[in-house]
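Reader: I should like to learn how burial, charge pairing and confidence are read from a model. Could we work through one case together?

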Amino acid sequence: MDKFRQMFLRQLKYILYLLSLYTLGWGFTEYKKFFLSLILGTVISAFMLWSLTRKIEKVGRAVSERKKVRTIGTLSRLALAALAAAIALEYPQYFAIVPVVLGLMTSYIVIIIDFLLQKFRNNGQYI
């Protein structure tokens with residue numbers, strides 16, 4: 001599980017870098033609504049990544065101890081995505097729905113990019 005924890009921390013670091021870029025975009029451009037929406041979606045996406053990681057660790061422990069395996073929380077992640085969409089729809093003067101959805105996808109995009117980077121580094125080949 002140590003490599004799994006390292007992978008999570010690396011991906012969280014990438015998300016925090018993106019959040020800092022979004023914050024700079026919000027502060028220094030006229031696209032405040034766009035960047036604030038990205039920030040909302042990305043923060044919820046980071047929380048979903050943390051939650052998913054925590055639940056996967058619990059499932060891993062349960063399997064190794066030969067206990068009953070529970071779900072990994074798909075319903076809670078869907079509820080968080082619905083919450084982000086509800087916030088964006090409730091406050092349209094501050095948020096736009098499309099950038100919120102892009103922000104919600106941020107952790108999945110970061111996971112894919114991290115996987116490709118690690119595969120490239122480990123094999124020494126172009127993909």
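**Reading burial and charge**

Author: Let us begin with burial in this predicted model. Threonine 53 has a relative accessibility of 5%, and because the cut-off for buried is under 20%, the residue counts as buried. Threonine 53 belongs to helix α2, residues 32-64, and touches Phe4 and Phe8, leaving aside residues up to four places away in sequence.

Reader: What share of the 127 residues in the protein is buried?

Author: Buried residues account for 31% of them. The exposed surface comes to about 8,800 Å², with carbon and sulfur atoms supplying 69% of it.

Reader: Which elements make up the secondary structure of the protein?

Author: There are five helices and zero strands, so from the N terminus the order is α-α-α-α-α, helices being numbered from that end. Of the contacts with a separation of 6 or more, 66% join residues 24 or more positions apart.

Reader: How should salt bridges be read, and how many does the structure hold?

Author: Side chains of opposite charge can pair when their charged atoms come close. The structure holds three salt bridges. In one of them, the side chains of glutamate 57 and arginine 5 meet at 3.3 Å, N to O. This pair links distant parts of the chain, with glutamate 57 in helix α2 and arginine 5 in helix α1 (residues 2-28), 52 residues apart. Glutamate 57 is buried at 11% relative accessible area, whereas arginine 5 is partly exposed at 34%.

Reader: Which residue forms a salt bridge with arginine 10?

Author: Aspartate 114 does, the closest N and O atoms being 2.7 Å apart. Here too distant parts of the chain are linked: aspartate 114 lies in helix α5 and arginine 10 in helix α1, 104 residues apart. Aspartate 114 is buried, at 1% relative accessibility, while arginine 10 is partly exposed at 21%.

Reader: Where is the nearest side chain of opposite charge to arginine 77?

Author: That side chain is glutamate 57, 14 Å away; arginine 77 is buried yet has no salt bridge. Arginine 77 sits in helix α3, residues 74-90. Leaving aside residues up to four places away in sequence, arginine 77 touches Met48, Leu52, Ile72 and Tyr108.

Reader: Where in the protein is confidence lowest, and where is it highest?

Author: Where pLDDT is low, the predicted coordinates should not be read in detail. Helix α5 (residues 106-123) is lowest, at a mean of 90, and helix α4 (residues 97-104) is highest, at 96. The protein averages a pLDDT of 91, and 96% of the residues score at least 70.

Definitions and conventions. Residues are numbered from 1 along each chain as its sequence is written. This is a predicted model: local features need pLDDT of at least 70, side-chain atom pairs count only at pLDDT 80 or more; totals for chains, interfaces and linings use all residues. Side-chain values use heavy atoms; hydrogens and water are left out. Helices (H or I, at least four residues) and strands (E, at least two) are DSSP runs, numbered from the N terminus. Buried means under 20% relative accessible area, exposed over 50%, partly exposed in between (1.4 Å probe, protein chains only). Contact means heavy atoms within 4.5 Å. Accessible areas come from the Shrake-Rupley method with a 1.4 Å probe; for residues, only the protein chains shown count as cover. pLDDT is the predictor's confidence in each residue, from 0 to 100. Lys and Arg count as positive and Asp and Glu as negative; His and the chain ends are not counted. A salt bridge is a side-chain nitrogen of Lys or Arg within 4 Å of a carboxyl oxygen of Asp or Glu.
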